[in-house]
Every structure is written in C-alpha cells, then in structure tokens.
Amino acid sequence: GGVLLSTWFDRDLSLAGRVAIANEGAVLTELVDFKRPVGLIPNLAIHLDREANGSRKINPHEELPMILSRAETDAELDFKDLLARELDRSADDISAFELCAYPVESAQVVGLNQEFLTSARLDNLLSCFIATEALLNNEDAEGVMVVFNDHEEIGSVSTGGADGPFLESVLRRATIDADFERVRVNSLMVSIDNAHGVHPNYASKHDEGHRPLLNEGPVVKVNANHRYATTAITQSVIEQAAERADVPLQYFSSRADLGCGSTIGPITAGRLGIDTIDLGCPQLAMHSARETCGTKDPELMLQLLTQLTQRDLM
Ligand SMILES: [Zn+2]
C-alpha cells in the first residue's frame, strides 16, 4: 500500500536502525535507537499554500526531508559523528547504516469508554505481539511455529522477507527427521495482518455486506484474485476454531472497484504449498504514522490463536 505521507508532518520523530562497523576484515552490526525526538517534518503554513486543504499533492523528494538540526555551516554537522556519539564509538568505526524515522509518541487508550487503541505501527506489530502471546499461552504447544518476516510493506523480496528462503529453510531443518512433504501438506498457515475496519466517515469505501467493525472480532479476509490466501477449506477450519474459542468472526472482501492490499499469506502459500488463511484485527488509518484499532479485538484474536495452538482441528 505504501506510506500515508500526510500523517508524517508535525510529528516528533526519532531514528533507529542498524549500523555496520568494520572490524579488521569482518563486519559487526550494532542496533541504535535515539529514543528521544531528534527531528521533524514541519507542515507548510496555510498562508503559503492556499490549496493545502484542497488538492494538495505531496512531493516526497522535496517535502519529506527531515530537519535534524540548525547549524551555521555544513562542517558543524557530520551525521556519522552524531551516530558515533550515540553508540559510544568513534566516527571512523562506522562504515554504513540503515536507519528509519519513527514517531516517539507512545500508544494511548482513547474513547469515552476506552474503546480504541492508537499507536504507530499497529500494522503489523499488533499481530506479531498477539501471535507471540498465543504461543506463550500454550506451554504444551507442539508443532506450532510463529514466523515474523521483515520487509512485508516493501514487497517481501529479501533474505528475511516472506518471498525469500527463510521459512522453507527453517522448516526443512526442523523436519530433518520427519517427512518434509508430509509435514507440509498437513500444515495450516495463519497469516495475521491487520484488516480494514469500516471508517464511519468513509463507510462507502467498504462493500455493504463486508463492513468489519472495531471491537467485533477477528476479520477473515477473502479475495477471489488471491490477494488474500483464504480458501473455503481454511475458512471452515478457522470458523470451527472460533466457535470452540467462543470468538466472533467478521468478514472482509473489498469492493470490486477498489483494491484491497495484500499480505504475506499468498506469497507463503505460493512458495510452500501450505493451505493458508488470512486473518487480522480490524483497524482504521492503515499506514498512517498513527493508527487506530479497538481495545477488544486483540484479546479476541489472542483467544482464537491460542485455540489454534491446540492443533486438534485438522
Ligand atoms: Zn500494511
């Protein structure tokens, strides 16, 4: 889907990522997180852009460079120096880095009845958190694996992405004493990524028969073009699990005249041939710097996933 650019203006931003350090022929990596706000992208005042509330287009190249400091001369500002200071190293140690900006504002419970949770990166750290909790909930879980892939938002093609070899190679090694093909066809993959809840101000963006609401339970995502990997069979398995766990389900299928995004579900299903279902907690403002979900849905999803770790449905 890409980033919702307008939401990144006027936020207190920090930087975090990975730094490569050359070490006598080898490369060490260190993680860095500035934690405090170190930059911002201020909006242009309305007086200087009368179209700002109308047909404003954002040029990411020109309008999104982040302001990190104000200096009299360029020489005063060497980013490697700043990074080195953060890592307690000398600037000469640092050979390369991959950093991302992120908003520092912490998550909040919002709503007159505390119905909503707002945070950065709910899509898709929320699902990662719930999947981990589900695994921890069932100490006896056998043959259950949780996989977290990088780079889903930029196409999944990378060594650690869903379109890379990571999962297959882990599965092959984990089943070294078993029959990999047998394990593969007897497996179910649940691809969990947040879903589009219906936004009250934009309800027409959803098909009338498929309008998932916040706090009404996990969403089964269906798409005939397999932008989601759900099939009638995997849907039926999940419906039975949901019934046992006493969790309500909702359904999402996009309008035929609108796209719907996709997930790693179809990619992994295609690479491994494992039957897959796409599920997710409904949320609003997907890919905004500040997203919103319901406070009940994560708990309902956790109940459903914990039920699935029992593996007694297939
Ligand atoms: Zn996404």
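User: What makes Asp-123, Glu-153 and His-287 the residues that coordinate the zinc ion?

Analyst: In this predicted model, the zinc ion is coordinated by Asp-123 through OD, Glu-153 through OE and His-287 through NE2, at 2.1 to 2.2 Å. A donor is an N, O or S atom within 2.8 Å of the metal, so these atoms qualify as donors. Water is not among the atoms, so the site may look incomplete. Along the chain, the donors follow the spacing D-x29-E-x133-H.

User: Why is it said that the pair Asp-123 and Glu-153 ties together parts that are apart in sequence?

Analyst: Asp-123 belongs to helix 3, which spans residues 122–137, whereas Glu-153 sits in the loop between helix 3 and helix 4 (166–174), and the pair therefore links parts that are 30 residues apart in sequence.

User: Why is Asp-123 called buried, and why is Glu-153 called partly exposed?

Analyst: Asp-123 has a relative accessible area of 10%, and because buried means under 20%, the term applies to Asp-123. Glu-153 has a relative accessible area of 36%, which lies between the 20% and 50% cut-offs, so Glu-153 is partly exposed.

User: How do you know that Cys-100 is in no disulfide?

Analyst: The structure holds 0 disulfides. For Cys-100, the nearest cysteine sulfur is that of Cys-128, 15 Å away, and because a disulfide requires sulfur atoms within 2.5 Å, Cys-100 does not meet the criterion. Cys-100 is exposed, with a relative accessible area of 55%.

User: What makes the sulfur of Cys-128 too far from the closest cysteine sulfur for a bond?

Analyst: The closest cysteine sulfur to that of Cys-128 is in Cys-281, at 12 Å, whereas the cut-off is 2.5 Å, so the separation is too far for a bond. Cys-128 is partly exposed, with a relative accessible area of 24%.

Methods: Residues are numbered from 1 along each chain as its sequence is written. This is a predicted model: local features need pLDDT of at least 70, side-chain atom pairs count only at pLDDT 80 or more; totals for chains, interfaces and linings use all residues. Side-chain values use heavy atoms; hydrogens and water are left out. Donors are N, O and S atoms within 2.8 Å of the metal (3.2 Å for Na, K and Ca); water is not among the atoms, so sites may look incomplete. Helices (H or I, at least four residues) and strands (E, at least two) are DSSP runs, numbered from the N terminus. Buried means under 20% relative accessible area, exposed over 50%, partly exposed in between (1.4 Å probe, protein chains only).
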